[in-house]
Amino acid sequence: MRTGLMIGAATLLLCACTPDYPKLPPLPAKAAPFSTADAAFLQQANEHDLTEAAMAKLADDHARSSDVKALGARSATDYEAHRKTLASLADKHGLALTDTLMAKDQERVDRLSGLHGRAFDRAYVEAMEREAKSVQPVITTTYTTTKDSDVKAAATAMQKLDQRSISSAYSWLPQLSTRKYGKSAR
């Protein structure tokens with residue numbers, strides 16, 4: 001019996017010292033939760049993207065100008081793509097983002113959906129600009145305070161997207177009254 005114990009102890013020592021013994025793989029690193037400010041930014045950015053995309057989708061049926069229709073199509077695609085980026089980022093950190101507009105944003109979209117032609121064209125561009133200006137302070141604050149590089153990149157992308165859409169709209173908006181609708185805006 002004593003011999004059996006000695007053999008067992010020797011075997012145990014040999015197994016523990018074997019360099020080829022498989023090691024356990026490291027556990028996957030889970031992303032740290034967002035700070036409260038970062039989570040709030042992602043939710044606000046998601047709401048902004050939802051609102052911009054909903055307004056942009058109206059342009060296909062409600063706009064008179066082909067420029068406004070093209071802007072709407074491009075904006076809808078761009079804001080939906082940005083929203084997917086936000087959702088992916090939020091998912092990595094265990095944060096769920098909504099797919100529905102807030103009541104105040106839905107009211108704005110509903111008011112815009114009641115307009116057609118020239119009235120829609122101008123109101124859509126103005127609503128797009130107001131929406132972009134309303135989130136600008138949030139973008140600036142997030143960009144300067146966040147420590148998360150992904151959140152900073154999302155803020156930067158959102159700002160560039162807003163600027164590109166607004167500058168595109170205002171590059172041709174003054175000509176709408178003469179180019180598309182005749183000599184006067186009446």
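**View 1. Ser75 and its surroundings in the predicted model.** In this predicted model, Ser75 is buried, because its relative accessible area is 1% and the limit for a buried residue is under 20%. The residue is found in helix H3, which spans residues 66-92. When neighbours within four places in sequence are left aside, the contacts of Ser75 are with Ala56, Tyr124, Met128 and Ser165. One of these partners, Tyr124, appears again in the next two views, as a member of an aromatic pair and as a residue of H5 that takes part in the meeting with H4.

**View 2. The aromatic pair of Phe120 and Tyr124.** The structure holds one aromatic pair. The ring centres of Phe120 and Tyr124 lie 5.6 Å apart and the ring planes stand at 5°, so the pair is classed as stacked, given that planes under 30 degrees apart count as such. Phe120 and Tyr124 are four residues apart in helix H5, which means that about one helical turn separates them. Phe120 counts as buried because its relative accessible area is 0%, and Tyr124 is likewise buried, with a relative accessibility of 0%.

**View 3. The packing of helix H4 against helix H5.** Helix H4 comprises residues 103-113 and helix H5 comprises residues 117-145; their axes come within 10 Å and cross at roughly 160°. Since angles over 145 degrees count as roughly antiparallel, H4 and H5 are therefore roughly antiparallel to each other. The crossing in which H4 passes H5 is left-handed. On the H4 side, the residues that take part are Asp105, Arg108 and Leu112, and they meet Phe120, Ala123, Tyr124 and Glu131 on the H5 side. Sorted by residue type, the contact of H4 with H5 consists of four nonpolar residues and three charged ones, with no polar residue.

**View 4. The protein chain as the setting of the close-ups.** The protein chain has seven helices and zero strands, so that, by element, the order from the N terminus on reads α-α-α-α-α-α-α. Of the 186 residues in the protein chain, 37% are buried, and Ser75, at a relative accessible area of 1%, is one of the buried residues. Among contacts in the protein chain with a separation of 6 or more, 80% are accounted for by residues 24 or more positions apart.

Technical notes. Residues numbered from 1 in each chain as written. Predicted model: local features only at pLDDT ≥ 70, side-chain atom pairs only at ≥ 80, totals over all residues. Heavy atoms only, no water. Axes fitted to C-alpha atoms, helices over the stretch in contact; angles between N-to-C directions. Helix = DSSP H or I, 4+ residues; strand = E, 2+ residues; numbered from the N terminus. Parallel < 35°, antiparallel > 145°, perpendicular 65-115°, else oblique. Left-handed = near helix turned anticlockwise from the far one by under 90°. Contact = heavy atoms within 4.5 Å. Nonpolar A, V, L, I, M, F, W, Y, C, P; charged D, E, K, R; others polar. Phe/Tyr/Trp six-rings, centres within 6.5 Å; stacked < 30°, edge-to-face > 60°. Buried < 20%, exposed > 50% of the residue type's maximum accessible area, 1.4 Å probe, protein only.
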